[in-house]
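Me: I would like a close look at a single part of this structure, with enough of its surroundings that I can see where the part belongs. Please take it slowly, as I am in my first year.

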Amino acid sequence: MTGKILAAAAGRFSLAFVVYASLAFLCLVCLMFASMIVLRLYHQALHRYRQGRKKLYRSAVGKVLADAPLAEVVEAFRLKRWGDASIAQDVMIDAMRHLTGPPFELLSRAAQRLDVIERNLNWLRSRNKHRRGQAMEALGLMRTPQAVVGIIDILENEPLDMKLVALRALASIGDPAVLPYFVRISDQLPPPMMPRLVSLMLEFGRAGHDKISEIINRHSECFSPRVLADLMREISADLETPT
Amino acid sequence: MTKSILVFDDDTDLQALLTLYFEPRGYRILTTSDGTGAIELAKTHKPDVIVMDTLMPGKGGLEACRDLRRAGIATPIVMLTSKDLEEDKRRALEAGANAFQSKPFNPKELEVVIRSLLAA
């Protein structure tokens, strides 16, 4: 044994050492490969399970679309099994992000009645960054005005990845009062992010056009001529359309 | 006679939402997520209206719309466009769409658009 180590120290490896080391490496690779397969199978099974459970809660969306009373909608969204909270919330959000008008209002009231909004507002202050991000995303898609203050707090104090989630959430909520924050944050964003920032501001419609012009003037070097031309065309097209 | 709507969108949540809204109202809903499937379904089932999105992975909804027209499909197309983006709407009409509906939308408004296309 000492001889082998001395041989290795001298820069030479014995054949046995090379064989054992190769076998150990091969085992490690196989183990990693197997764990990746197991992880993949687990995710697939989880996805299938969630899709199956989602179908149970889609009837609630059907009730919303059929103008059912709030109590009926709330009842249909009540959790049918422990662990369904995130699934029911996903179904709610999947519908809310596409809807507007009375169906959206009804879902929004159901979300409040079932404490979905309150729970996500609390998660904005969670220690878990992943949970804060998910809460911002959910509140953005549910277009929750009460979340604006908490999201602005994250926008101002957290790193770039969280800032981007916060900007997306604020754009989804669509309150034009937050537009000055978009302008302010533009000074902190790296140049390649500027077109993304502006495209989010387009979500505010005409209300965002003045601020878009302000950002373009401040950071004109961050936009390619083609992107600039597209943006100008978009802004002018909207101005030409009668309200 | 039952009218049929082909929902051509990669977003399965939107497909489910439109199915939940239109099926109880007597429409038959066909769904597909890819361009080839859309052309095949449009040719075989001859839907009365196609609803599709401008934002789709790959070549995008506008190019997919052009593909449908190039394949000789004359079915009226309602394009779902981003909120308030006039440029999107102009491009949708240029690509061969007959009408558009801003997203997010009230399904009742979409139904009005679809009914007007069916009546035309």
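Reply: In this predicted model, residues 24 or more positions apart account for 59% of those contacts in chain B that have a separation of 6 or more. The chain behind these contacts has 5 helices and 5 strands, and when it is read along the sequence the elements follow the pattern β-α-β-α-β-α-β-α-β-α. A compact globule of 120 residues would have a radius of gyration near 14 Å, and the 13 Å of chain B agrees with that, while the C-alpha trace spans about 35 × 30 × 30 Å along its principal axes. Of the 120 residues in chain B, 54% are buried, and carbon and sulfur atoms hold 53% of an accessible surface of about 5300 Å².

With that setting in mind, the part to look at closely is B:Thr54, which is found in the loop between β3 (49-53) and α3 (61-70) of chain B. Is this residue buried or exposed? B:Thr54 counts as buried because its relative accessibility is 8%, and the cut-off for buried is under 20%. Leaving aside residues up to four places away in sequence, B:Thr54 touches B:Gly60, B:Gly61 and B:Leu62, and also B:Met79, B:Leu80, B:Thr81 and B:Ser82, together with B:Asp88 and B:Ala92. Among these partners, B:Gly61 and B:Leu62 carry numbers that fall within α3 (61-70), the helix that follows the loop of B:Thr54.

Conventions
Residues are numbered from 1 along each chain as its sequence is written. Chains are lettered from A and ligands numbered from 1 in the order in which they are written. This is a predicted model: local features need pLDDT of at least 70, side-chain atom pairs count only at pLDDT 80 or more; totals for chains, interfaces and linings use all residues. Side-chain values use heavy atoms; hydrogens and water are left out. Helices (H or I, at least four residues) and strands (E, at least two) are DSSP runs, numbered from the N terminus. The radius of gyration is taken over C-alpha atoms; the globule rule is 2.2 Å times the number of residues to the power 0.38. Buried means under 20% relative accessible area, exposed over 50%, partly exposed in between (1.4 Å probe, protein chains only). Contact means heavy atoms within 4.5 Å. Accessible areas come from the Shrake-Rupley method with a 1.4 Å probe; for residues, only the protein chains shown count as cover.
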